[in-house]
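Dear colleague,

Please find below the structure I am handing over to you, together with its sequence. My notes on what was found in it follow directly after.

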Amino acid sequence: MSLFKKKKLDNRACVIGLDGVPYGLLRDFMDRGVMSATRRLMDGGRLHRMKASLPEISSVSWSSFMTGTNPGTHGIFGFTDFKPGSYDIRFPNYSDLKAKPLWDILGEKGRRSIVINQPATYPAREMNGILVSGFVALDLARAVTPRSLLQPLERAGYRIDIDTVKSRENTEFFWRDLSKTLSGRQKALNLFWKEEWDYFEFVITGTDRLHHYLWNAGADPDHPHHRSFLEYYRRIDQLIDKIAVSFRKSTGGYDGLYLMSDHGFCGIETEVYLNVWLEREGYLSFSKPNPDSLNDIAMESRAFALDPNRIYLHLEKKFPRGSVAASERKALIQEIAGRLAKLEWNGRKVVRKAFPARDIYSGPLTAQGPDLIVLGERGFDMKGSVKKTEIFGKSGLQGMHTWDDAFFWSVNDHGDDLAIEDLAGIILKRF
């Protein structure tokens, strides 16, 4: 580490992100010896159970992590959002983020950051250091800053993500692609770790993909892919150990090293199609029997849903054919939330809680977002399709995101009520 001989290193920080790894699974794998090195590391600090964002999806949670704010301030409400004044859908990107990420705050202090595979940062923009955007990123050339690092990454076989289409169709291809993608991440880590930095972040997103496609393999010891599931986590364990040892050598300890996930995971019992439920309850109707999109919504509609679990009131002035007056808003939210609380599937309660957005968001952009966030009970995955005809159904996915079992590890104790938007402040105190 000769580059650092002239620089004080004891207040550096390094974050290892494991996308979609739940607190309970991590505990189980450490206890069973699958992640023995991680267990030794974590025994020297505090493993916190942490709340993710609402909705509990990567684009929102990672935006909340990097800015230390909620969607009402940073402006990212989901992987998709409405074009202003319309029912057309757009895909927000890094340019839509309205709050400063922590590495920009550090850059203003003259601190240099290296961030590898950070979701919700595409297209990459200049910063004091290096940024390699994670999903959803479309083109590696636009996912890297400075651009001079594109060729070294390409030579290392770096890839933004697995091929999700082929992986859903072919399990053997999925395992090969998952392994190649992790190998590319490791090579990028080797390439950039030796650079000068004050803040380093390294995110693994293959865990999220593994859980979506093959959650059952991790839960069932007799599953034909159970051993491969564990082996992938053993590779991650080795990688965590490598980073931790290198960090300790450069700083003298583990203070300033953090491990985290952006949300939890569990198996899917059934998907829940909120627009079908809203239609049957009389809140939603369309101008034709088989709608193509929300552009076919009828004027008399009172509410509709957008993936993954967002309900919008059909407000006047917000939507072109909106029919709900602002004065009706509070009562209608309470009414819909009350009816959702009674929804059952095979005698089981489906909705854990419907959160009024203004109770959980704060900031100047709150009104741009949804009116209700519907948090399902474990196993009930909320969806916003307009093409389904039944309230309940299944797709090819095995795992779903969960809200209050993400994790955060630090040498220090940060209390029992930790949320993902708290982490930026914790990290910035190092500097």
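I begin with Pro308, which is placed in the loop between E12 and E13. The model is a predicted one, and in it the peptide bond that joins Asp307 and Pro308 is cis, with omega at about -5 degrees. There is also a cis peptide bond from Tyr122 to Pro123, where omega is near -5 degrees. Pro123 belongs to the loop between strand E5 (113–118) and strand E6 (129–133). Strand E5 itself contains Asn117, a residue other than glycine whose phi is nevertheless positive, near 70 degrees.

The loop of Pro308 leads to the sheet in which E12 and E13 take part. This is an open sheet of four strands, ordered E12-E13-E17-E16 and paired in antiparallel fashion. Its edges are formed by strand E12 (303–306) and strand E16 (351–356); each has a single partner strand, so one side of each is left without a neighbour in the sheet. From one strand to the next, the twist averages 25 degrees. Helix H12 (residues 329–340) packs on this sheet and touches E12, E13, E16 and E17, its direction making about 145 degrees with that of E13. Within the sheet, strand E13 (residues 310–313) and strand E17 (residues 372–376) run antiparallel and are joined by two bridges. Opposite Ile311 stands Leu372 in E17.

Asp307 and Pro308 appear again at the largest pocket. Which residues lie nearest the centre of that pocket? They are Phe79, Asp307, Pro308, Lys383 and Leu397, out of a lining of 49 residues. The two residues of the cis bond described above, Asp307 and Pro308, are thus among those nearest the centre. The volume of the largest pocket is about 1,300 Å³. Two or more residues of its lining come from each of these elements: helix H7 (164–169), H9, strand E11 (270–273), E12, E17, strand E18 (380–383) and strand E20 (399–402). By class, the lining comprises 21 nonpolar, 15 polar and 13 charged residues.

Two of the strands that contribute to this lining, E11 and E18, also belong to an open sheet of three strands with the order E18-E11-E19 and mixed pairing. Here E18 and strand E19 (392–393) stand at the edges with a single partner strand each, so one side of each is left without a neighbour in the sheet. E11 and E19 run antiparallel and are joined by two bridges. Glu271 has Gly393 in E19 as its bridge partner.

Helix H9, another contributor to the pocket lining, is also one half of a helix pair. The axes of helix H9 (residues 206–219) and helix H10 (residues 226–251) come within 9 Å and cross at roughly 150 degrees. The crossing in which H9 passes H10 is left-handed. On the H9 side, the contact is made by Gly206, Thr207, Leu210, His211, Leu214, Trp215, Ala217 and Gly218, and on the H10 side by His226, Phe229, Tyr232, Tyr233 and Ile236. Eight of the residues in this contact are nonpolar and five are polar, with no charged residues.

Two residues of that helix contact, Gly206 and Tyr232, also line the largest cavity, along with Asp161, Ile162, Leu178, Thr181, Leu182, Arg185 and Thr205. How many cavities of 30 Å³ or more were counted? The count comes to one. The largest cavity has a volume of about 60 Å³. Which helix gives the most to its lining? Helix H8 (residues 171–193) does, with four residues. The lining of the largest cavity divides into four nonpolar, three polar and two charged residues.

For your own inspection, I would suggest the following places as starting points:

- the loop between E12 and E13, where Pro308 is found;
- the contact of H9 with H10, which has no charged residues;
- the largest cavity, lined by residues including Asp161 and Arg185.

With kind regards

Note on methods: Residues are numbered from 1 along each chain as its sequence is written. This is a predicted model: local features need pLDDT of at least 70, side-chain atom pairs count only at pLDDT 80 or more; totals for chains, interfaces and linings use all residues. Side-chain values use heavy atoms; hydrogens and water are left out. Axes are lines fitted to C-alpha atoms, for helices over the stretch in contact, and angles run from 0 to 180 degrees between N-to-C directions. A crossing is left-handed if the near helix is turned anticlockwise from the far one by less than a right angle, and right-handed if clockwise. Contact means heavy atoms within 4.5 Å. Ala, Val, Leu, Ile, Met, Phe, Trp, Tyr, Cys and Pro count as nonpolar, Asp, Glu, Lys and Arg as charged, and the others, Gly among them, as polar. Two strands pair if DSSP finds at least two bridges between them. On a 1 Å grid over the protein atoms alone, a cavity is a set of points where a 1.4 Å probe fits but cannot get out, and a pocket is an open set with protein on both sides within 12 Å along at least five of seven lines; lining residues have an atom within 4 Å of a point. Grid points are joined across faces, edges and corners, and a volume is the space filled by probe spheres set on the points.
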